[in-house]
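Biologist: I have a new model on my screen and plenty of beginner's questions. Could you walk me through how its features get their names?

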Amino acid sequence: MSNSCFFRMISVLSFFFSGLILFGQTEDGPAPKGWPPEAKTIYYLSAADKTMQPAVFYDPGKSDPVPLLVGLHSWSGDYRQINAYYLKEAKKRGWAMIFPNFRGPNWTPEGCGSDLAVEDIVSAVEYMKKRLKIDTSRIYLMGSSGGGYASMLMAGRHPEIWAGVCSWCGISDLADWYHETKAQDLPYSKHLEKACGGAPGTSPQIDEQYRHRSAITWGAGAKGVPLSLNHGIHDGHRKSSVPLSQSVRLFNKIAPEEKRVREDQIRWMVEKETIPPELQKENEIDPLFGTSTVHFRRTAGNVRITIFEGGHSSVPAAGIEWLSRQKKGTPADWSVSEKSVKADQTAIQK
């Protein structure tokens, strides 16, 4: 056999096996280790760059349209991160669920709120709408820490999708967070340098990366979406990574001026880990939060800020119960439920 024939045969075989791999990716596979057996790994086409992207998927097996829960991984995670409470709640309620990769950990230019990552989440929703009968008036989004950041970002960039968005300990301003984490000698400032091309202030081009990827840049777009912002009062201290100012300032971006929390009040909360005396009456007994006392809560139309007893943590059952009451095209339902739920506080994975 001549060399040219040999290399031609190798090329054909390579193409053939590449095709097998590609088409195999469209079939359901076992979920990553640690997820319940009902979960599956799927691959879907991202409209951003026509690549196949992985996700954990759950089909409730219903013939009628069902709500969809989109869960988002944390800052250093990917679709393999075990967040089984999303599946647990979806299974209990008869909802569909997808847990996308959106380019994995947030320390690459492709991740960290990039246009690719944003479009991956949109494409995950589109995939679910094509594969299952989805009630498009009840598509919900929730995430914590880095997932809270992505939830904030998606509320502003694609408000047309969501019936409700719930964020826990999210990051709204990446440039501010760079300085906050660098002051604590945490690794996230280095992650941001890798994702955005350098430190804030290095060049106008790098500053634009921080601006474009920050949820606060797009905050005004979220005014029409029921958006629940939740933050532990002790977060940002003792190597805990995200100060509550990150959530409060996004609330201020969306809320009318008379509803905003003053900067001196935000500084008090961050520095003293308490609520300023003049705000202490703005609390609420919320059974959904269980023992995680709500220290401060303020609502402005479709957005609400809740500061609760906790650090870098979330109360997933409370978030999903709140989401279940939201429906697209109607004002946010902020009623305090008397429903008893198992509201365990969960430490957020880094």
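Biologist: Which residues does Leu-68 touch, leaving out those up to four places away in sequence?

Modeller: Leu-68 touches Ala-96, Met-97, Ile-98, Val-125, Met-128, Ile-134, Arg-138, Ile-139 and Tyr-140. Bear in mind that this is a predicted model. A contact here means heavy atoms within 4.5 Å.

Biologist: What makes Leu-68 part of a nonpolar core?

Modeller: A core is built from buried residues of certain kinds, Leu among them, joined through side-chain atoms within 4.5 Å. Leu-68 belongs to the largest such core, which has 70 residues. Along with Trp-75, Ile-98, Met-128, Trp-162 and Ile-307, Leu-68 touches the most other members. Helix H3 (residues 115–131) gives this core its largest share, eight residues. There is also another core apart from it, with 30 residues, including Tyr-58, Met-142, Phe-289 and Val-315.

Biologist: Is there a general idea behind such cores, and what is it?

Modeller: Nonpolar side chains tend to be buried together in soluble globular proteins.

Biologist: What share of the protein chain counts as buried?

Modeller: Of its 350 residues, 55% do. The chain has 10 helices and 12 strands. Among contacts between residues at least 6 apart in sequence, 70% join residues at least 24 apart.

Biologist: Why is Ser-145 called buried or exposed?

Modeller: Set the value against the cut-off: buried means under 20% relative accessible area. Ser-145 has 4% relative accessibility, so Ser-145 counts as buried. You will find Ser-145 in the loop between strand S6 (134–144) and helix H4.

Biologist: And what about Lys-50, buried or exposed?

Modeller: For exposed, the value has to be over 50%. Lys-50 comes to 60%, and therefore Lys-50 counts as exposed. Lys-50 sits in the loop between strand S2 and strand S3 (52–58).

Biologist: What makes the phi angles of these two residues worth a look?

Modeller: Most residues other than glycine have a negative phi. Lys-50 has a positive phi, near 60°, and is not a glycine. Ser-145, also not a glycine, has a positive phi of about 60°.

Biologist: Why do you say that the buried residues of H7 line one face of the helix?

Modeller: In helix H7 (residues 204–213), the buried residues are Ile-206, Tyr-210 and Arg-213. Looking down the axis of H7, these buried residues fall within an arc of 85°, so they line one face. They pack against H4, helix H5 (174–183) and helix H6 (188–196). The face turned away from the buried side carries Pro-204 and Gln-205, which are exposed.

Biologist: How many cavities of 30 Å³ or more are there?

Modeller: There are two. The name cavity is used because a 1.4 Å probe fits there but cannot get out. About 70 Å³ of space lies in the largest cavity, and about 50 Å³ in the second largest.

Biologist: What lines the largest cavity?

Modeller: Its lining has 15 residues, and Leu-288, Phe-289, Arg-304, Ala-318 and Trp-322 lie nearest the centre. Strand S7 (164–168), strand S8 (227–232) and helix H10 (316–324) each supply at least two lining residues. H10 gives the most, with three. By kind, the lining divides into seven nonpolar, five polar and three charged residues.

Biologist: How do you know which residues belong to the lining of the second largest cavity?

Modeller: A lining residue has an atom within 4 Å of a cavity point. Among the residues that line this cavity are Phe-102, Asn-106, Ile-121, Tyr-149 and Met-154. H3 and helix H4 (146–157) each give two or more residues, and H4 gives the most, with five. Here the division is eight nonpolar, three polar and no charged residues.

Biologist: What makes a pocket a pocket rather than a cavity?

Modeller: A pocket is an open set of points, whereas in a cavity the probe cannot get out. The second largest pocket holds about 160 Å³ of space. Its lining includes Tyr-43, Met-52, Glu-119 and Lys-130. Strand S2 (40–45) and H3 each supply at least two of the lining residues, with H3 giving the most, five. This lining divides into six nonpolar, one polar and three charged residues.

Notes: Residues are numbered from 1 along each chain as its sequence is written. This is a predicted model: local features need pLDDT of at least 70, side-chain atom pairs count only at pLDDT 80 or more; totals for chains, interfaces and linings use all residues. Side-chain values use heavy atoms; hydrogens and water are left out. Buried means under 20% relative accessible area, exposed over 50%, partly exposed in between (1.4 Å probe, protein chains only). Helices (H or I, at least four residues) and strands (E, at least two) are DSSP runs, numbered from the N terminus. On a 1 Å grid over the protein atoms alone, a cavity is a set of points where a 1.4 Å probe fits but cannot get out, and a pocket is an open set with protein on both sides within 12 Å along at least five of seven lines; lining residues have an atom within 4 Å of a point. Grid points are joined across faces, edges and corners, and a volume is the space filled by probe spheres set on the points. Ala, Val, Leu, Ile, Met, Phe, Trp, Tyr, Cys and Pro count as nonpolar, Asp, Glu, Lys and Arg as charged, and the others, Gly among them, as polar. The arc is that of the directions from the helix axis to the C-beta atoms.
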